[in-house]
Amino acid sequence: MGTKNNTEWDLVTGKLYGELDDKHKETFDKWSREEGNRSILWNAEKIHNGLNEVKVFRFMNKNSSWLRVSRNIKRSVYRKISISVLKYAAIIVFAILIGKFTNNNWNNDIQYAKIEVLDGQMGHLFLFDGTEVWLNSGSRFKYPDRFNSKERNVYLDGEAYFKVTSNRKLPFIVHTDKMQVEVLGTSFNVSAYKNENQESVVLEEGKVQINHLTGKKILDLLPGQRAVKACANSTQFRVDEVKTSNYTTWKDGIVVFDAESIDEIAKKLERWYNVKICIDNEELRKYTINGTILRNKPIDQVMEAIGLLAPVKYEHQSNLKEKDIIHIKKR
């Protein structure tokens, strides 16, 4: 495959799926005895065991390897996975460690998988390096079948919480429409929907570097800080000290509003509940509230709670063929 990093994963996946010949078994045994490689092997075994237990998007053996699957995919065309499950239910996707060790010549073309999380749903997946990713409603996420020898690149349109496996030799870079978020191993949240002007990064632990789209460094972020790019055309970020759980517990079904405008809350509710929200009074759009909601509660119950925190009332208009419409009015 041309790189040390890819060869390591080829050996690991080959071992886990029983696809190593005698020569490669000897290479694997030597590699696995090295101290620095034990954590890689441990992560691989953990994810592989998860595949056996959950059996979601599982490729059973070498006959279902990524290389064989990719024969049906043209270069630069994504495998598209639409997450479609019961409304409001979180899911787990293990799109990793696909048995791909063969004795044939390697295909150096990198293939990408693209995951779309529909409105009203959430996604949860492990990448093949052990990195854990939670995807919020209405998000799109693209990742390669293998990383190159210099960096780990993934692409996000939406909101995601990352728990990145540490690798100081291989930076993990999240590409959005307006910035790059570069880390070595850390936990952080990125909110970057293409149809919204504001993008933000919240760092829970570790260290994050925010870059221009060109890769040029803009700033470093420390734990407990939130960087916000409020204007689409600006290169400036505002950095605030925040309570990080306010921005990360959405992955656990708990959503905190901290002096957030009804206009911003409405955008989130539209994605979470797959509804259309109309605010009939412009003054209400700027009204801010504080509170906590549980995402597993029905939209009507959430709107009732908002009505206790703000001078608003609502009407729920049901549509059989299209999205339901929620009208928010001044009380």
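Two residues are in contact when heavy atoms of theirs lie within 4.5 Å. Keep that in mind as you work through these exercises on a predicted model.

**Exercise 1. Find out which residues Thr248 touches, leaving out those up to four places away in sequence, and where Thr248 sits.**

Step 1. Start with the location: Thr248 belongs to helix 5, which covers residues 245-248.

Step 2. Next, look at accessibility. The relative accessible area of Thr248 is 3%. Buried means under 20%, so Thr248 counts as buried.

Step 3. Now list the neighbours. Leaving out residues up to four places away in sequence, Thr248 touches Tyr161, Asn189 and Glu204.

Step 4. Look again at Glu204: its side chain and that of Thr248 make a polar contact at 3.4 Å.

Step 5. Finally, see how two of these neighbours are related. Tyr161 stands opposite Asn189, which is in strand 10.

**Exercise 2. Work out which strands are joined to strand 7, and in which sense each pair runs, parallel or antiparallel.**

Step 1. Begin with strand 5 (residues 132-135). Four bridges join strand 5 to strand 7, and the two run antiparallel. One pair to look up is Glu132 with its bridge partner Lys163 in strand 7.

Step 2. Go on to strand 6 (residues 140-144). Strand 6 is antiparallel to strand 7, with three bridges between them. Here you can find Phe141 opposite Leu156 of strand 7.

Step 3. Turn to strand 8 (residues 172-175). Strand 8 pairs with strand 7 in the parallel sense, over four bridges. Try locating Tyr155 and its bridge partner in strand 8, His175.

Step 4. End with strand 10 (residues 187-192), which is joined to strand 7 by six bridges and runs antiparallel to it.

**Exercise 3. Explain why strand 7 can be called largely enclosed by the rest of the structure.**

Step 1. Strand 7 spans residues 152-163, and 10 of its 12 residues are buried. That is why strand 7 is described as largely enclosed by the rest of the structure.

Step 2. Now consider the largest nonpolar core, which has 32 residues. Phe141, Phe162 and Phe188 have the most contacts inside it. Strand 7 gives the most to this core, with four residues.

Step 3. Zoom in on Phe162. Leaving out residues up to four places away in sequence, Phe162 touches several residues, including Val133, Phe141, Leu156, Val174 and Phe188.

Step 4. Another core, of 26 residues, lies apart from this one; Ile262, Tyr273, Ile326 and Ile328 are among its members.

Conventions
Residues are numbered from 1 along each chain as its sequence is written. This is a predicted model: local features need pLDDT of at least 70, side-chain atom pairs count only at pLDDT 80 or more; totals for chains, interfaces and linings use all residues. Side-chain values use heavy atoms; hydrogens and water are left out. Buried means under 20% relative accessible area, exposed over 50%, partly exposed in between (1.4 Å probe, protein chains only). A polar contact is a pair of N or O atoms within 3.5 Å; within protein, one must be able to donate a hydrogen and the other to accept it, and residues adjacent in sequence count only if both atoms are side-chain atoms. Two strands pair if DSSP finds at least two bridges between them. A nonpolar core is a set of buried Ala, Val, Leu, Ile, Met, Phe, Trp, Tyr and Cys residues joined through side-chain atoms within 4.5 Å.
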